[in-house]
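Colleague: I would like to go through this model with you, one point at a time.

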Amino acid sequence: MYKKTLTVALATGLVLSPMSFSVDAAKPAPNEQSDHAFDNKVIKKINADSMYNNIALLSKQPRAAGTEGEYKAVQYIKSEFESYGYETELQPFTIQEWDGGTSAISFNDEEPSFDVNSFEGSINGSVTGPLVYVGLASASEVGDEVEGKIALIERGSYSFYEKIQNVYDKGAIGVIMFNGEGRSGNSFGYAYEGQDIPAVAITREAGLSLVEQLQNEDVQASVSVTNAGVIDKTSYNVIAKKEPHPKKDNGQIVTVGAHHDSVPNGPGANDDASGVAATLELARIMAKTPTDTELRFVTFGAEEKGLVGSYHYADTLTDEEIDNMVAHFQMDMVGSRDAGELIMFTPDGNKNLVTDLGASAGARISGAVDYGQLGRSDHVPFFLKGIPSALFIHAPLEPWYHSPDDTIDKISKEKLQNVAEIVGAAVYQIARPDTPALENARVAPSPADYDFDDRPL
Ligand SMILES: [Zn+2]
């Protein structure tokens, strides 16, 4: 699950594919019993232990995009798909990452005992001048006395941008910021284009000791940042394809996806090793299940960096593929013991084929599933291509989202099993060979009543 909302992209008034997926109420409903029988072909084979074990394996270390941890995960996922018999492809793409380079500070010509880190976006440079404490560096706190000096700033109350800009406008030559109340560490901060002074971060304890030192004596400070800048790294999507039965091929493609990358400081057991494990499990089962639809199981890289992998994947699709893609199911954070109920999110907040199928499968298995409006995961690039898509997730989120505590011990096998059953049954409803191609099919023969829910994450 990606942190920022994608409201800008969605405000452009995109129109969904003109294909109509609505359920025609005039036709007689097929026997619900037979749907249960078909569901059972898939859901009886789902093994929560195998999903749990895969999450345990994937969450042994963080899998941030472009790191060794991601690459190990990618190799593992590829080998799993291949062991089920899939033709599997690694799709590399470039991501841009900030490299902080080397930074150093000194006071009265002595190197301090504490470490320092450059701000993301800091310019490279070395400056020396008197140190001046300017509190939180609000506009009213910063006067002309900072000119030609290095500003010591406390984090908090105002944005990094404002703080740096306030001292920069008054002629400061460098920034040393110490962490805010209740915060630990010395790795934080953003500098922006045009803020042409080096900016570095130190711990709160280090900062408070400098404030104290300044009350007793003048301090001459030096700040240097070298070799900081944007570097290119490689992240990957893993793509496994299953061709339909050659005599039954109806030309449709259905995709099932999750993201394998995690945030840098977390093992990402639920976010989103859970979705990867469910994707692998459905791939394992579908490998031996005849379908009339091409299935693609994809795990995306760099989701946490702004859906980079899924945008890349969507951009590599041909027009013909996009025309043939009838549904994308995204599973992100589907196993947390401590999160809320299952919900299906669409970027525009409208129902579509995927939510119809998910609600219907849910009603048959454990109760109808509500839908809501949210981007923030890899269903967005599919939606923007006009492909019906939805995010399956539990909301509200668990408190350890994006933290080092997103660990295997907080995964619920029951929740994993339930989501895999619902998505598996929904996918099979389209892909099973007895249903005609989608344009003619009543793909949700037991339509469920399901409601919009504006439940927060
Ligand atoms: Zn996330």
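The questions below take up the metal site, a strand, a helix and a loop.

Modeller: This is a predicted model, in which local features need pLDDT of at least 70, side-chain atom pairs count only at pLDDT 80 or more, and totals for chains, interfaces and linings use all residues. Residues are numbered from 1 along each chain as its sequence is written, and side-chain values use heavy atoms, with hydrogens and water left out.

Colleague: Which residues coordinate the zinc ion, and at what distances?

Modeller: Donors are N, O and S atoms within 2.8 Å of the metal (3.2 Å for Na, K and Ca), and sites may look incomplete because water is not among the atoms. Met1 gives N and O, Asp271 an OD atom, Glu304 two OE atoms and His402 its NE2. The zinc ion is thus coordinated by Met1, Asp271, Glu304 and His402, at 1.9 to 2.7 Å.

Colleague: Why is the arrangement of the 6 donor atoms irregular?

Modeller: Six donors count as octahedral if opposite donors are over 155 degrees apart and all others between 65 and 115; four count as square planar by the same limits, or as tetrahedral if all angles lie between 85 and 135 degrees, and anything else is irregular. Ideal angles for six octahedral donors are 90 or 180 degrees. The arrangement here is irregular because the donor atoms subtend angles of 54 to 157°.

Colleague: How many residues apart in sequence are the parts that Met1 and His402 tie together?

Modeller: The donor spacing is M-x269-D-x32-E-x97-H. Met1 lies before helix 1 (7–10) and His402 in the loop between strand 15 (389–395) and helix 12 (413–431), so the pair ties together parts that are apart in sequence by 401 residues. Helices (H or I, at least four residues) and strands (E, at least two) are DSSP runs, numbered from the N terminus.

Colleague: Is Met1 buried or exposed?

Modeller: Buried means under 20% relative accessible area, exposed over 50%, and partly exposed in between (1.4 Å probe, protein chains only). His402, at 17%, counts as buried. Met1 has 0% relative accessibility and therefore counts as buried.

Colleague: Which strands pair with strand 15, and in what sense?

Modeller: Two strands pair if DSSP finds at least two bridges between them. Phe329 is the bridge partner of Ala390, while Glu341 stands opposite Ala395. Strand 15 pairs over 4 bridges with strand 12 (residues 325–331), in the parallel sense, and over 5 bridges with strand 13 (residues 341–346), in the antiparallel sense.

Colleague: How many residues of strand 15 are buried?

Modeller: In a regular strand the side chains alternate between the two faces of the sheet. On one side of strand 15, Ser389, Leu391, Ile393 and Ala395 are buried, and on the other Ala390, Phe392 and His394. The number of buried residues is 7 of 7.

Colleague: Which side chain joins that of Gln417 in a polar contact of 2.7 Å?

Modeller: A polar contact is a pair of N or O atoms within 3.5 Å; within protein, one must be able to donate a hydrogen and the other to accept it, and residues adjacent in sequence count only if both atoms are side-chain atoms. Gln417 is in helix 12, and its side chain reaches the backbone nitrogen of Ala48 at 3.3 Å. The side chain at 2.7 Å is that of Glu421.

Colleague: Which residues is Val116 in contact with, leaving aside neighbours within four places in sequence?

Modeller: Val116 is in the loop between strand 2 (102–107) and strand 3 (117–118). Contact means heavy atoms within 4.5 Å. By that limit Val116 is in contact with Ser103, Ala104, Ile105, Asn186, Val200, Ala201 and Ile202.
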